[in-house]
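Biologist: Please take me closely through one part of this model, the charged side chains and what surrounds them. I would like a connected account rather than a list.

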Amino acid sequence: MLPDLTAPPIAFAPLPYQDRLDVRALDQIDLVVIHCTELPDLAMARRFGEEVLYEGSQTGNSGHYYIDRDGSLHQFVALDRVAHHVRGYNPRAIGIELVNRGRYPDWLAAHHQAMGERYTPEQIDALVALLRHLRATLPALRLIAGHEDLDTTTVAASDDPSVQVQRKLDPGPQFPWPRVMAAVDLERIP
């Protein structure tokens, strides 16, 4: 089967601080990290992405791409810029965020660690199309991981400091890894 070299439709709306993010060569990108927003909707994810969290660079946390529940694709950061989405891997990685409530609004509460919202078929179809496009256009891209695979840090629970919870659980147990891996030519980092 020949790869599809056509890009899926992507709405590009760069974050206000995009030009302050570090520049990188596209040939150093070898990893895609799958996230969920852990927020109710795309508008709130955008607001969180626009927040300046790092005083020195005047930048914040965000992924490169966001996929809404209807399957629409949104790009907030150009690929030649390093987005802040996963500790220790950002210079080599693309961050893809799927809109999903996750553990919102009690992300770190010990009593609220379940991630029950399913991803929509439209989201997964859009993700697969995007991954195929990225794999076909970025020669070094060969790896994929979930945020939870790469950031296994535990912290004290917000409602019970005697309990440790995992800081990142996304994309979580509802993410259909078998379906995605069967559809794309990428190797999963366990």
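Modeller: A salt bridge here is a side-chain nitrogen of Lys or Arg within 4 Å of a carboxyl oxygen of Asp or Glu, and a residue is called buried when its relative accessible area is under 20%. The model is a predicted one, and everything that follows should be read with that in mind.

I begin with Arg 81, which sits in the loop between strand S4 and strand S5 (93–98). Arg 81 is buried and yet has no salt bridge, the nearest side chain of opposite charge being that of Asp 19, 4.0 Å away. What the side chain of Arg 81 does reach is backbone: one of its polar atoms lies 3.0 Å from the backbone oxygen of Asp 19, and the backbone oxygen of Leu 21 is reached at 2.8 Å. Leaving aside residues up to four places away in sequence, Arg 81 touches Gln 18, Asp 19, Arg 20, Leu 21, Asp 22, Val 23, Arg 24 and His 64.

Elsewhere, side chains of opposite charge do meet, and a search of the whole structure finds 8 salt bridges. One of them joins Glu 50 to Arg 46, with the closest N and O atoms 2.8 Å apart. Because Glu 50 and Arg 46 are 4 residues apart in helix H1, about one helical turn separates them. Arg 46 is buried, with a relative accessible area of 17%, whereas Glu 50 counts as partly exposed at 33%. Helix H1 (residues 42–50) also buries Leu 42, Met 44, Ala 45 and Gly 49, and its buried residues pack against strand S3 (65–67) and strand S4 (73–75). The N-terminal end of helix H1 is capped by Asp 41, a side-chain oxygen of which lies 3.3 Å from the backbone nitrogen of Ala 43.

A further salt bridge brings together the side chains of Asp 185 and Arg 135, at 3.4 Å from N to O. Since Asp 185 lies in the loop between helix H4 (177–183) and strand S9, and Arg 135 in helix H2 (residues 121–137), this pair ties together parts that are 50 residues apart in sequence. Asp 185 is exposed, with a relative accessible area of 55%, while Arg 135 is partly exposed at 27%.

Arg 188 and Asp 149 also meet through their side chains in a salt bridge, here at 3.1 Å from N to O. Arg 188 belongs to strand S9 and Asp 149 to helix H3 (residues 147–150), so the pair ties together parts that are 39 residues apart in sequence. Arg 188 counts as partly exposed, at 29% relative accessibility.

Arg 188 also leads into the sheet, as Ile 144 stands opposite it, and strand S6 pairs with strand S9 (residues 187–188) in the parallel sense over 2 bridges. Strand S6 is likewise joined to strand S2 (residues 31–36), running parallel to it, by 4 bridges, and there Leu 143 is the bridge partner of Leu 31. Within strand S6 (residues 143–146), Leu 143 and Ala 145 point one way and Ile 144 and Gly 146 the other, and all are buried. Such an arrangement is familiar, because in a regular strand the side chains alternate between the two faces of the sheet.

Conventions. Residues numbered from 1 in each chain as written. Predicted model: local features only at pLDDT ≥ 70, side-chain atom pairs only at ≥ 80, totals over all residues. Heavy atoms only, no water. Buried < 20%, exposed > 50% of the residue type's maximum accessible area, 1.4 Å probe, protein only. Pairing = 2+ DSSP bridges. Contact = heavy atoms within 4.5 Å. Polar contact = N/O pair within 3.5 Å; in protein donor to acceptor, adjacent residues only side chain to side chain. Lys, Arg positive; Asp, Glu negative; His and termini not counted.
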